[in-house]
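Trainee: I would like to learn how to read pockets and strand pairing from a set of coordinates. Could we work through one case?

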Amino acid sequence: MGKAVFFTIAVAALAALLGHRIVNFRKMALANREVIQKNLHNCVTLKNLDYGSEDITILGNGLAFISTGLKYPGLPSSDEMGRIFYLDLQDPRLKPMEFRMPRNFDLESFNPHGISVYTDPRDDSIYLFVVNHPHHQSQVELFRFVEDDHSLIHLKTIKHELLHSVNDIVAMGVDTFYATNDHYFSHKILKSMLEPLLAQPWANVVYYSPTDVKVVSQGYYFPNGINISPDKRHIYVVDLLGHSLHVLERKENNSLASVKSVAVGSLCDNVEVDPETGDLWLGCHPNGWKLLMFDPKDPPGSEVIHIQNIHADQPVVTQVYADNGQVIMASSVAAAYGGKLVIGSVFHKAVVCDLK
């Protein structure tokens, strides 16, 4: 009798603990939040991007690089191969085109996630860094962009045990970068089942160079987007489940020191930085629960957050766009150029709108 009572109590306690963790995770995912529409002018859907546009970054001449076809565990995706597109924002046709990829690169397993571009000041060569998840692994592909025929030359694949769950990346040189690990665990079951329920700030940011790889910042629930200030002195990290953007100061040894955290009120994904103004643009998920429990009849919405004066005592955080999923589902990135705003998504499509 005693064993039966003990077993019953143990099961009840475990159920109560599990229920509490689920309730807590729903709160972090903003499960009860409803989207109030906030539109921009002249929004048009971009062609050829029907399988997501998870990350977008724009060069100073208006050429945008776009990753598409991400297959992320637990989220909707297609059977289409991953691809990299480019979009000339100075061309009024606004037609994304696919990059020519090298023959020596494995396209069948290509699963692109975060991207970053680096321009070498020595010769103006442009390098594209792509987070890749072939067979649900994590590695970084390094390409050189050939402008004459809009092709990519694959230079090398970067792997390291510390780069075990990479989400996004910001290039610092021709073969150096900072990257976010969005999970603490590397095992598939632990990272997809246990970690969300525990919801502990264990994840980190890693610095990589050919001679030095190290964890440089930690204490995040789900570090996602990462980028750098125009003066190269600060790194910005988005903590999706922490509903915050972290400002970090770079040190001489490439470590990062926390400066402050700015609340954004949403589950923000990637962050892009305006090179002229230093403004930050974030593509966000207003209700993460709808994204995880995907229902096409009640789709996950989209949101864009704009942060001005990020280094001031009181940064200005503004919601500039919100949609209930009827126009674009699951926005993951927003990038501004020449009075236009390009909004990408995890698995849906991409739109471009006028900011004024």
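Mentor: Start with a definition: lining residues are those with an atom within 4 Å of a point of the pocket. Keep in mind that this is a predicted model.

Trainee: Which element gives the most to the lining of the largest pocket?

Mentor: Helix 2 does, with seven residues. At least two residues each come from helix 1 (2–28), strand 10 (166–171), helix 2 (188–198), strand 18 (267–273) and helix 3 (288–292).

Trainee: What volume does the largest pocket have, and which residues are the closest to its centre?

Mentor: The volume is about 1200 Å³. The lining of this pocket counts 50 residues, and Y72, P73, H183, K191 and F222 are the closest to the centre. By residue class, the lining holds 23 nonpolar, 18 polar and nine charged residues.

Trainee: How much space lies in the second largest pocket?

Mentor: About 790 Å³. Its lining has 31 residues, with T57, I58, K232, V273 and P275 nearest the centre. Two or more lining residues come from each of strand 2 (55–58), strand 6 (112–119), strand 10, strand 14 (223–228), strand 18 and strand 22 (331–337). Strand 6 gives the most, five residues. The division here is 18 nonpolar, six polar and seven charged.

Trainee: Strand 18 appears in the lists for both pockets. In what order do the strands of its sheet run?

Mentor: The order is 18-19-20-21, an open sheet of four strands with antiparallel pairing. Strand 18 and strand 21 are the edge strands, each pairing on one side only. From one strand to the next, the twist averages 25°.

Trainee: How many bridges join strand 20 to strand 19, and how many to strand 21?

Mentor: For pairing in general, at least two bridges are needed between two strands. Here strand 19 (residues 280–285) and strand 20 run antiparallel and are joined by five bridges. One bridge pair is L282 with I305 of strand 20. Towards strand 21 (residues 316–323), strand 20 has seven bridges, again antiparallel. On that side E303 faces A322 of strand 21, and S302 faces D323.

Trainee: Is strand 20 mostly covered or mostly open?

Mentor: The general idea first: side chains of a regular strand alternate between the two faces of the sheet. To judge cover, take residues under 20% relative accessible area as buried. Strand 20 (residues 302–308) is mostly covered, as six of its seven residues are buried.

Terms used. Residues numbered from 1 in each chain as written. Predicted model: local features only at pLDDT ≥ 70, side-chain atom pairs only at ≥ 80, totals over all residues. Heavy atoms only, no water. 1 Å grid on protein atoms, 1.4 Å probe; cavity = no way out; pocket = protein on both sides within 12 Å on 5 of 7 lines; lining within 4 Å. Points joined across faces, edges and corners; volume = space filled by probe spheres on them. Nonpolar A, V, L, I, M, F, W, Y, C, P; charged D, E, K, R; others polar. Buried < 20%, exposed > 50% of the residue type's maximum accessible area, 1.4 Å probe, protein only. Axes fitted to C-alpha atoms, helices over the stretch in contact; angles between N-to-C directions.
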